[in-house]
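Dear colleague,

Here is the structure that I promised to pass on to you, with the sequence beside it. Please look through it once on your own before reading my notes, which follow underneath.

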Amino acid sequence: QEPARWMAEHQMEGGLPEGWESYVAEMQAAASGAVGSMELDVAASAAGTMAAQCGACHQAQNAMIALSIGEPPAAEPGTEAHMARHLWAMERLWEGLVTPSDAAWAAGSGVLADEPLAGSSFSDDPQLEAELAELAGRIHALGAEAATVVELGPRGQLYGQMLATCAPCHTRIQGMLP
């Protein structure tokens, strides 16, 4: 919440291009919503909205931001390699929002659309395993959906849904990975 509080309260000073004020106002409104909420989905949605507003401002200003997308980590067996791919994908999706970049967005959504991790066992608890499988399936379905979304606002909302899906999985498996 501290970064969101900073964004909500920070007074932007001169030197920015004309026309940026409305984007900053929208970003700060979303940040204020994140600060005031104890709900993960609200805070995650606010993060997606803030990123989309960055991209919308860059787009409106015809800003050209250079990216080096690179290649995702290899699709190897095991949880660690799979999570490295997820991290890479989420970073590309973020870049796809804030720069904005259709190529970065497509790269990230393509990796997240891969098949969920199979055969992973974090616990002997079948209920926990079922919850984790559901979350894994959801993040991969969101990745596939992301490949079809072209506008920044809906991309930001989808990114927020992804964050809200990743967080409970990470919380549940904390301490279970080698």
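**A loop residue to begin with**

N62 is found in the loop that joins α3 and α4. Please keep in mind, here and throughout, that this is a predicted model. The phi angle of N62 is near 55°, which is a positive value in a residue other than glycine. Is N62 buried or exposed? With a relative accessible area of 63%, N62 is exposed, because the cut-off for that word is over 50%.

**The overall fold**

Stepping back to the protein as a whole, its secondary structure consists of seven helices and zero strands, so that reading along the sequence gives the pattern α-α-α-α-α-α-α. The radius of gyration is 17 Å, close to the 16 Å that the globule rule gives for 178 residues, and the protein is therefore as compact as a globular protein of that length. If you turn the C-alpha trace along its principal axes, you will find that it spans about 55 × 35 × 25 Å.

Of the 178 residues, 38% are buried. The accessible surface comes to about 9900 Å², and carbon and sulfur atoms hold 56% of it. Among the contacts with a separation of 6 or more, 64% are made by residues 24 or more positions apart. As for charge, the protein has 6 positive and 23 negative charges, and the mean positions of these two groups are 2 Å apart.

**The two cores**

In soluble globular proteins, nonpolar side chains tend to be buried together. In this model the largest nonpolar core has 21 residues, and the members that touch the most others are L93, L97, L112, L158 and M162. At least two residues of this core come from each of α3 (40-60), α4 (79-98), α5 (102-112), α6 (126-146) and α7 (152-173), and the largest share, six residues, is supplied by α4. Another core lies apart from this one; it has 13 residues, including A4, M7, V24 and A31.

L158 is a useful place to start exploring the larger set, as it is one of the members that touch the most others. Once its neighbours within four places in sequence are left aside, L158 is in contact with W105, L142, E145, A146 and V149.

**Buried residues worth a look**

M7, one of the residues of the other core, sits in helix α1 (residues 2-9). Its relative accessibility is 18%, so M7 counts as buried, the cut-off being under 20%. Not counting residues up to four places away in sequence, M7 touches M12, M27, Q28, A31 and M50. For the last of these, M50, the sequence separation from M7 is 43 residues, while the C-alpha atoms of the two are 9.4 Å apart in space.

Q28, which is among the residues that M7 touches, belongs to helix α2 (residues 21-35). At 17% relative accessibility, Q28 counts as buried too. Beyond the residues up to four places away in sequence, Q28 touches M7, A8, E9 and H10.

Which residues does R92 touch, not counting those up to four places away in sequence? They are I69, A104, W105, A107 and G108. R92 itself is placed in helix α4, and with a relative accessibility of 7% it counts as buried.

**Two partly exposed residues**

P168 is in helix α7 and, at 27% relative accessibility, counts as partly exposed. Leaving out residues up to four places away in sequence, P168 touches L40 and L135. P168 and L135 are 33 residues apart in sequence, and their C-alpha atoms are 8.2 Å apart in space.

V42 lies in helix α3, and its relative accessibility of 37% means that it counts as partly exposed. Not counting residues up to four places away in sequence, V42 touches G33 and S37. The C-alpha atoms of V42 and Q11, which are 31 residues apart along the chain, are separated by 24 Å.

With best wishes

Terms used
Residues are numbered from 1 along each chain as its sequence is written. This is a predicted model: local features need pLDDT of at least 70, side-chain atom pairs count only at pLDDT 80 or more; totals for chains, interfaces and linings use all residues. Side-chain values use heavy atoms; hydrogens and water are left out. Helices (H or I, at least four residues) and strands (E, at least two) are DSSP runs, numbered from the N terminus. The radius of gyration is taken over C-alpha atoms; the globule rule is 2.2 Å times the number of residues to the power 0.38. Buried means under 20% relative accessible area, exposed over 50%, partly exposed in between (1.4 Å probe, protein chains only). Contact means heavy atoms within 4.5 Å. Accessible areas come from the Shrake-Rupley method with a 1.4 Å probe; for residues, only the protein chains shown count as cover. Lys and Arg count as positive and Asp and Glu as negative; His and the chain ends are not counted. The place of a charge is taken as NZ of Lys, CZ of Arg, CG of Asp or CD of Glu. A nonpolar core is a set of buried Ala, Val, Leu, Ile, Met, Phe, Trp, Tyr and Cys residues joined through side-chain atoms within 4.5 Å.
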